[in-house]
Structure formats: C-alpha cells, structure tokens
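Hi,

Here is the structure I said I would pass on. Have a look at it first, and then read my notes underneath.

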Amino acid sequence: MTSLHLTQSVCNRAIPGDKRYDLRDSFVRGLFLRVEVSGRKTWYLCYRTPSPERRLRNKKLVSAAVVPLEAARRVARDCLAKLFLEGVDPADLLSRRRRAEGLTLGALIEAYEPWVCSHQKSGDVTIRMLRLFTEFMDMPAAALDKAAVERWRTENLGRIRRATINRRVAALQALCAWGVKQGLIEGTPFKLHRLPQTDSRTVTRFLTKDERERLMCELTARENRLGRDYLKPAVILSLNTGIRKGTLLGLKWEDVDFNSRTLTLRAAIMKGGKDAVIPLNKMAYDVLADWRDYSVGAAGFIFPARDGNRRKDTARAFMLVAARARIGNFSWHCLRHDFASQLAMEGVPLHIIQKLLCHGSITMTQRYAHLSPNSLEAAVKLLVH
C-alpha cells in the first residue's frame, strides 16, 4: 500500500488501474483511499480492534465522491480518539452515530460541496448561502424539518428580502434531498411553499444622455492613459446587445458571424442553458470588427485575460471608470437594464425585448413596461365604438 501525504488534488487525480489499489495518508494514521477498477473511490480506516481481540480491520468510512479529504480526516481522527481513549471500536461508533444522530448539517454541506460545485455553475454561491444557516450547523441534518425552517423564515421576515429567503430555503431543500438520495441521511426531505415576493422592487437603472456621454469620455480617457484594452469595446457591446456579463466573458470569435451580423450565444455560457442567436446593430458590429485586430489569445476568447484564457471579472475596472465618470449606483448588470430600457422607451414591443434579452418568461420583461411611451393610452385609443 502506497504511503504519502495526501492532498485533495492527488485524490482527484487518482485514476483506476488494472487492479484495485490503496493510497495511505501519512497525516492521519490508518486512513486510506481505495480506488477500485471501476473508478469508485472510498475512504477506509485501518486499525486494530480493542483488546483482547486486537484484530486488524479495514472499516469503510464514506464515499470519496461525496466527502473530501479534510472531512474524511476529521472522521478518522474522531474514530481513532474514541478507540485509543475509550476502547470503542470505530465500526460500532459509526454504526451508533448513524442510527442516533446522523450527519450534522455542517458535515452534510461539506459532503455536498464538491458535488454541487462540479454539477452547477453557481455551486460556490449555493455553498455560501447554505453556510449562512449558522443556527442549524450543529444539529443533525435528518432532524431539520419543515417546522424548524418555517420558524427561521418567520424570524427573518422583514430583516431579509423575501426573494433572498426563497433562494436560501430552496438551496436548503435541495441539500437535504441530495443527502437522502445519497443515503447520508434518513427520512423524507421537507418541502416549504415559496413566499410571495411582495417586497421585491423593480430595478430599471439606466443611463441618462449626460451619463452616457461621461461614461464614453472616461473610457476613452482610460485608453489614452493605459493603452487599448478590453473594457471600452466590452461596455459598448453590452450596451448594444444586453447580454449578461458571464455570457460576455465566455464569448469566442467563432460565435461572431460577420457576414450575417449575428452573435451566437452558446448554451454553455447562457444562464438558462439554451442556445440563442441575436443580431448585431452597427455600433456592436463596428466595435467587434475593430477589436478583432487587438484581441489575442490561443483560447479564442473575444475578451481574454492576460494569459489568453477566460477573463474572470470586469467589476473592479468598470467601477473605477463609473466613479471617475461620476455615475453612482450603476453596476455592470445595469448595462443590460439600459439596453432593455432604451428599447422600451423607443416603443419596441415587450415580446421583442424578451427575445433579445433571452428571458425565459415575459414576466421577467414586464419590469420595463412602464417605460414604453403612452402604451396604455395608445391601447385604449384603438377603441372607436
């Protein structure tokens, strides 16, 4: 059996061979990772049973697919402490714990983290939300029921927006359902109805004519100071297409069709996970055609990072420019609001705006309805009888 100081990356890179093999951790005595020919990885603990037997035993702890290295080490250390100090066989200890209390919510979140981060684009956000349930961290996950979550929700009404409460409760429900499916906790996952979002505010922040001029002037001034870079063309493209920042940063030159003047938004970079094709107006087309000569990167991204790979964010650079332009309360996502708001104010029908924004429902586009000039008055004037 190979003995080495295991790291999570070593565990992740361990590939199946012709025979089953084990990787022993030199950091925690007796802990080892078993890699099956099928590729399944499992944490085991090797120890000698209490006197007078003193038999060598390998006890299966948990699947490595759901519990990372550090969590496995904690479980192993706990078992060994009970063995040496109290003479409790780890097999009996684990069996009693699973029957009596099961995993705490905190431990379940740790087990859930690698899975959700590999299966959801926003997995890290989900984990951060779940860790905000501090009052539930030490309680058994199986004991978390509808009544307990309802009490938490009632206590936080008024302090936290209803939309935020709904998102956090939904993440908690998904966690418990996953735990039941994986066999980590017993029982039936709780289900709670969503709160009506009566406290949600419509956000339609867009640029005034003066703000737009100041923003463009500051972007030009930035290029004069620092040289040509991605920020100005990225802002102009966003203002003229309304695409989300995550989609924008994932765009590649192969997504641009200069002949048909269209932009393909691949499902892999879309929030809704669906392909879409949107038209490019003259300003968006011109800025891409001009930027093509400056954008370099082996990976083919339109707005690559310095190393040529996908750029991670634009927030810091954009907020500095907005501050210099004296534009307050305006984030990158507001460029998308500005695109939709300008169309609505020009009288473009909502269903067209919905398609351009790639909204899944017209309800999401309704926030711009009040900007349409005299839309209600024009409608009633159609009646002549």
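Let me start with a loop: Asn329 sits between α12 (315-324) and α13 (333-345). Helices here are DSSP runs of H or I with at least four residues, strands are runs of E with at least two, and both are numbered from the N terminus. Phi of Asn329 is near 50°, so to speak on the positive side for a residue that isn't glycine. With a relative accessible area of 70%, Asn329 is exposed. The cut-offs are under 20% for buried, over 50% for exposed and partly exposed in between, using a 1.4 Å probe and protein chains only.

Some housekeeping before the rest. This is a predicted model, where local features need pLDDT of at least 70 and side-chain atom pairs count only at pLDDT 80 or more, while totals for chains, interfaces and linings use all residues. Residues are numbered from 1 along each chain as its sequence is written, and side-chain values use heavy atoms, with hydrogens and water left out.

Now the other backbone oddities. As a reminder, most residues other than glycine have a negative phi, and most peptide bonds are trans. The loop between β4 (41-48) and β5 (56-63) holds Pro52, and the peptide bond from Ser51 to Pro52 is cis, with omega near 5°. Arg54 is in the loop between β4 and β5 too. Phi of Arg54 is positive, near 55°, and Arg54 is partly exposed at 44% relative accessibility.

Staying with β4, that strand also contains Tyr44. Tyr44 counts as buried, at a relative accessible area of 14%. Beyond four places in sequence, Tyr44 is in contact (heavy atoms within 4.5 Å) with Gly30, Leu31, Phe32, Arg34, Asn58, Lys59, Lys60 and Leu61. One of these, Asn58, is 14 residues from Tyr44 in sequence and 6.3 Å away in space, C-alpha to C-alpha.

Overall picture: the chain has 16 helices and eight strands. Its radius of gyration is 28 Å, well over the 21 Å from the globule rule for 385 residues, so the chain is more spread out than a compact globule. That radius is taken over C-alpha atoms, and the rule is 2.2 Å times the number of residues to the power 0.38. Along the principal axes, the C-alpha atoms fill a box of roughly 95 × 55 × 35 Å. Of the 385 residues, 42% are buried. Among contacts with a separation of 6 or more, 53% come from residues 24 or more positions apart.

For a buried spot in a helix, try Leu172 in α7 (residues 162-181), which has 0% relative accessibility and counts as buried. Setting aside residues up to four places away, Leu172 touches Leu105, Leu130, Phe133, Leu144, Val149 and Phe190. Phe190 is 18 residues from Leu172 along the chain, and their C-alpha atoms are 9.4 Å apart.

You may also like the helix pair α8 (residues 209-226) and α9 (residues 231-241), which pack at about 155° with axes 9 Å apart. The axes are lines fitted to C-alpha atoms over the stretch in contact, and angles run from 0 to 180 degrees between N-to-C directions. That makes α8 and α9 roughly antiparallel, the label for angles over 145 degrees. On the α8 side the contact includes Arg212, Leu215, Met216 and Leu219, and on the α9 side Leu231, Val235, Ile236 and Leu239 are among the residues. By class there are eight nonpolar, one polar and four charged residues in this contact. Nonpolar covers Ala, Val, Leu, Ile, Met, Phe, Trp, Tyr, Cys and Pro, charged covers Asp, Glu, Lys and Arg, and the others, Gly among them, are polar.

Last, a sheet. Three strands in the order β6-β7-β8 form an open sheet with antiparallel pairing, where pairing needs at least two DSSP bridges between the strands. β6 (256-257) and β8 are the edge strands, each pairing on one side only. Four bridges join β7 (residues 262-265) to β8. Leu265 has Ala276 as its bridge partner, and Thr262 stands opposite Pro279. In β8 (residues 276-279), Ala276 and Ile278 make up the covered face, whereas Val277 and Pro279 are on the uncovered one.

Cheers

Conventions. Parallel < 35°, antiparallel > 145°, perpendicular 65-115°, else oblique.
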